[in-house]
Amino acid sequence: MASTRKPTFKPGADSPVGKAGGPRSEGPGGVISAQRSVEPEQKTSDNVIAFPEPKGKRKRRLVLWTVSLVVAFVAVLMAAAVFSPALAVRTITVDGTTLLTPDAVRKALSGLDGKPLPQVSEQEVNELLKPLIQVRSATIEARPPSELLVHVNERVPVALLKQGDSYVMVDVDGVQLGATKDQAAVALPLIDAGAGATNTELFKAIAAVLDTLPPDVLARMSTASAASPDAVELKLVDGKTVVWGNAEDRELKAKALEALLKMPADPKVPVSVYDVSVPRHPFTK
């Protein structure tokens, strides 16, 4: 009967390699073991999946770039306009003047010649016009390429003050706007020199009343006076008297006086006094 025992192999002492072909090592008791070095597995880098950029984000970025370019372009154009000699002031047109001549205003603004229109401001124009006391304020309008239009708002004279041999025109603030030798040449009432010159409160009360009157009514006044701020009285050129009272309800009193003056005259009932001190109940006598 054949043997079922498997043959064994024992390498000799001079065998250079072990069973598995690895280096030979000898342990205690002369037992030979075989080892095989295994190369460590190289780690592969993780794969990064690139997702496409969202359309909305790409669109927003495109819009931002477009807006930035447009803003930059506009800024360049504005800078060019502000400093461009092509828009320099060469013509100054003036309107709204009565007490002054347009030439006087243009002369005061001569320093603006050659300055680019975008650099001219209303503040600068008003500063240049300050020496002209007749000017209360001014607004401007640029008309490219080279015209500057100046709208002048003049002070309005409301009365005359007697000073020596002359009559000085004054506005509601007491600013002297001019003088004349002939009182009849100016259709303005004469304020009592004593009241206007020595008592500021009286002058303010009288001037406030005159400033409220319509131009056609003001032109019919001869004199204006006041015993106190609550007792303003006016005289018409025909000698009739207007009892005004205080400065309250000035607009209503002015309308009442205008209505009374427009009433047809009645020869049987002559009028010498117009009383508007109570404007809701005016009367004549």
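1. Trp 244 is found in strand E12 of this predicted model. The residue has a relative accessible area of 0%, and because buried means under 20%, Trp 244 counts as buried. Trp 244 and Ala 254 are 10 residues apart in sequence, and their C-alpha atoms lie 9.2 Å apart in space.

2. Strand E12 covers residues 241-245 and pairs with E11 in the antiparallel sense, over 4 bridges. Within this pairing, Glu 233 stands opposite Val 243 in E12. The hairpin of E11 and E12 has 4 residues between the strands, and Gly 239 there takes a positive phi near 95 degrees.

3. Which side chains of strand E11 are buried, and which are not? E11 runs over residues 232-236, and its side chains alternate. Val 232, Leu 234 and Leu 236 point to one face and are buried. Glu 233 and Lys 235 point to the other face and are not buried. A student can follow this strand residue by residue in the 3D view.

4. E11 also pairs with strand E10, residues 221-226; the two run antiparallel and are joined by 5 bridges. Ala 226 stands opposite Val 232 in E11. The hairpin that joins E10 to E11 passes through 5 residues.

5. After E12 comes a backbone detail to check. Asp 249 is found in the loop between E12 and helix H7, which spans residues 250-261. Most residues other than glycine have a negative phi. Asp 249 is not a glycine, yet has a positive phi of about 55 degrees. Is Asp 249 buried or exposed? The answer lies in between: at 40% relative accessibility, Asp 249 counts as partly exposed.

6. A second backbone detail concerns two prolines. Most peptide bonds are trans. The bond from Pro 144 to Pro 145 is cis, with omega near 10 degrees. Pro 145 lies in the loop between strand E4 (135-143) and strand E5 (147-154).

7. The strands on either side of that loop belong together. E4 and E5 form a hairpin with 3 residues between them, and they pair in the antiparallel sense over 8 bridges. Arg 143 stands opposite Glu 147 in E5. E5 has another pairing, with strand E3 (residues 91-95), in the parallel sense and over 5 bridges. The bridge partner of Asp 95 in E5 is His 151.

8. Ala 142 lies in strand E4. At 46% relative accessibility, Ala 142 counts as partly exposed. How far apart are the C-alpha atoms of Ala 142 and Leu 117? They are separated by 6.4 Å, although the two residues are 25 residues apart along the chain.

9. Why is strand E7 described as largely enclosed by the rest of the structure? The strand covers residues 166-170, and 5 of the 5 are buried, so the description follows from the count. Ser 166, Val 168 and Val 170 point one way from E7, whereas Tyr 167 and Met 169 point the other way, and all are buried. E11 should be read beside this: there, Glu 233 and Lys 235 are not buried.

10. E7 has two antiparallel partners to trace. With strand E6 (residues 159-163), E7 pairs over 5 bridges in the antiparallel sense, and Leu 161 stands opposite Val 168. Their hairpin has 2 residues between the strands, and Gly 164 takes a positive phi near 65 degrees. With strand E8 (residues 176-180), E7 pairs over 4 bridges, again antiparallel, and Tyr 167 stands opposite Thr 180. The hairpin of E7 and E8 has 5 residues between the strands, with Gly 174 in the turn at a positive phi of about 85 degrees.

11. Tyr 167 appears once more, this time through its ring. The charged end of Lys 162 sits over that ring, 5.2 Å from its centre. How many aromatic pairs does a search of the whole structure find? The search finds 0.

12. The last point is the largest pocket, which holds about 260 Å³ of space. The pocket is lined by 16 residues, and Pro 264, Ala 265, Asp 266, Val 271 and Tyr 274 lie nearest its centre. By class, the lining has 10 nonpolar, 1 polar and 5 charged residues.

Conventions: Residues numbered from 1 in each chain as written. Predicted model: local features only at pLDDT ≥ 70, side-chain atom pairs only at ≥ 80, totals over all residues. Heavy atoms only, no water. Buried < 20%, exposed > 50% of the residue type's maximum accessible area, 1.4 Å probe, protein only. Pairing = 2+ DSSP bridges. 1 Å grid on protein atoms, 1.4 Å probe; cavity = no way out; pocket = protein on both sides within 12 Å on 5 of 7 lines; lining within 4 Å. Points joined across faces, edges and corners; volume = space filled by probe spheres on them. Nonpolar A, V, L, I, M, F, W, Y, C, P; charged D, E, K, R; others polar. Phe/Tyr/Trp six-rings, centres within 6.5 Å; stacked < 30°, edge-to-face > 60°. Lys NZ or Arg CZ within 6 Å of the ring centre and 35° of its normal.
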